[in-house]
Amino acid sequence: MEKDMQDPLIDIRHLEKGYRLSSGLWNTRHRIVKAVDKVDLKILRGETLGLVGESGCGKSTLAKLIMRLESPDGGDINFKGDNIFDYTGDALKAYRRSVQMIFQDPYSSLNPRKQAESIITEPLIIHKTGNAKDIKERVFQMMNKVGLSREQARRYPHEFSGGQRQRIGIARALALEPELIIADEPVSALDASIQAQILNLLVDLKDDFGLTYLFVSHDLNVIRHMSDRVAVMYLGRIIELANQKDLYANPLHPYTRMLLAAMPLCDPSAKKPEKMIRGEAAIDDERGCSFKSRCIYRIAICEELVPELKKLGERGLCACHRAAEI
C-alpha cells in the first residue's frame, strides 16, 4: 500500500522518556532507564503501522506518550502539524477524541460495575456528542458493528467471554469516530481462534471507518497479518523500519533476523533466518549499539558509536553499522 510520506498523521521527533530506578530502600543512588530513546517515527494517514519488539523494549511507553498518558523528557509528537504536548483545555480534549486506544487486557480495562451500554456511552457523554436518544442509538450502532447485540447491552463485563469483552473495548474506542486507534497487544490475552476473529474485525473496521492504526505487538505473525509497514523496537530505539513484505522477506538488522528466527512457522520445511542470540540485553551501557552484547556481527565501531537509523536504497530504514554488508 503506497502512502504519501509528506502527509503523516503523527510525526514523532527525537522523543525521549526515562524512568528513575532505585537500587534499594537505603540506597540513594539512582539510575535512569530509557524506555524511549530519541525515537523518530511517522504514522501515515490511513496505514496500519506495526510496532514490534520484546517485552520491555518501550512499545507501550511509546503508545502512552502518543495518547498523552505520559509526559516526555524531550522531543515532540506532532498531530497534523501541532505538538500535542502544547495542547491544553479544549484542544487537548479534541485530541483525545481523535486518538483512542484498545487495551491489552479486555477485563481490567473495563469497569466491572458498569454495564456494556454504560461503558460505551461514557466517552460520548464526556465529549457531549448529542442528546440521550442520539447517544443511545450510537451505542447500539457500535455494538452491532463489533458483533454484539442489543440484548447484551445491559450485561456486566463478567458475563461476557474474553473476545466479547474486547469487542466492548473496540466499540468504546470507535464511539467517538477517532482518526487514529492505538491497539496495544489487543489479542495477546485471547485464545488463538478468538484472536483471528478480533483481527479480522479490526481489518473490516479500518475499511469501514477510514481508520489509521498503530498496532503494538510482540507476535510477528499478528504483525505480518495486520501491517502495511513495520517498525522494530529494541531497548527504546527504532532499529528497523520497512514495508511489511520487505521486512519479512529480507530483514536487515540482526535483531530483526533473530526475532524472525524465533517465529513459529506453519511449514516445517520452510527455511528460517539463522539464529544469532548471544546472552541478554545490556541496559546499563549507553555507548555504542544497543544490540552489541548479543550480536554475532559486532565489530569495533559497534562498541563506541550509536548507529543512525538511515535509509538503505529503496528497502527502508535500519540502524546497524553493517546492514549493507549483511
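This tour goes from the whole chain to three helices and then to a pair of strands.

**Stop 1: the whole chain**

Keep in mind that this is a predicted model. Show the full chain as a cartoon. Its secondary structure comes to 10 helices and 12 strands. Now colour by burial. Of the 326 residues in the chain, 48% are buried. Next, think about contacts between residues with a separation of 6 or more. Residues 24 or more positions apart account for 63% of those contacts.

**Stop 2: helix 3 against helix 5**

Select residues 116–126, which form helix 3. Add residues 162–174, which form helix 5. How far apart are the axes of these two helices? They lie 8 Å apart, and the packing angle is about 25 degrees. Angles under 35 degrees count as roughly parallel, and helix 3 and helix 5 are therefore roughly parallel to each other. Their crossing is right-handed.

Show side chains next. On helix 3, pick Ala116, Ile119, Ile120 and Pro123. On helix 5, pick Ile168, Ala171 and Arg172, which meet those helix 3 residues. By class, this contact of helix 3 with helix 5 has 6 nonpolar residues, no polar ones and 1 charged.

**Stop 3: helix 5 against helix 6**

Keep helix 5 on screen. Hide helix 3 and select residues 192–209, which form helix 6. The axes of helix 5 and helix 6 come within 11 Å and cross at roughly 15 degrees. That makes helix 5 roughly parallel to helix 6. Helix 5 passes helix 6 in a right-handed crossing.

Which residues of helix 5 meet helix 6? Select Gly163, Gln166, Arg167, Ile170 and Leu174. Across from them, on helix 6, select Ile194, Gln197, Ile198, Leu201, Leu202, Leu205 and Phe209. The residues of this contact of helix 5 with helix 6 divide into 8 nonpolar, 3 polar and 1 charged.

**Stop 4: strand 6 and its partner**

Clear the helices. Select residues 99–102, which form strand 6. Are the residues on its two sides buried or exposed? Start with one side: Val99 and Met101 are buried there. Turn the strand over. Gln100 and Ile102 sit on the other side, and they are buried too. Both faces of strand 6 are covered.

Now add residues 180–184, which form strand 7. Strand 6 and strand 7 pair in the parallel sense, over 4 bridges. To see one bridge, zoom in on Val99. Its bridge partner in strand 7 is Leu180.

Notes
Residues are numbered from 1 along each chain as its sequence is written. This is a predicted model: local features need pLDDT of at least 70, side-chain atom pairs count only at pLDDT 80 or more; totals for chains, interfaces and linings use all residues. Side-chain values use heavy atoms; hydrogens and water are left out. Axes are lines fitted to C-alpha atoms, for helices over the stretch in contact, and angles run from 0 to 180 degrees between N-to-C directions. Angles under 35 degrees count as roughly parallel, over 145 as roughly antiparallel, 65 to 115 as roughly perpendicular and the rest as oblique. A crossing is left-handed if the near helix is turned anticlockwise from the far one by less than a right angle, and right-handed if clockwise. Contact means heavy atoms within 4.5 Å. Ala, Val, Leu, Ile, Met, Phe, Trp, Tyr, Cys and Pro count as nonpolar, Asp, Glu, Lys and Arg as charged, and the others, Gly among them, as polar. Buried means under 20% relative accessible area, exposed over 50%, partly exposed in between (1.4 Å probe, protein chains only). Two strands pair if DSSP finds at least two bridges between them.
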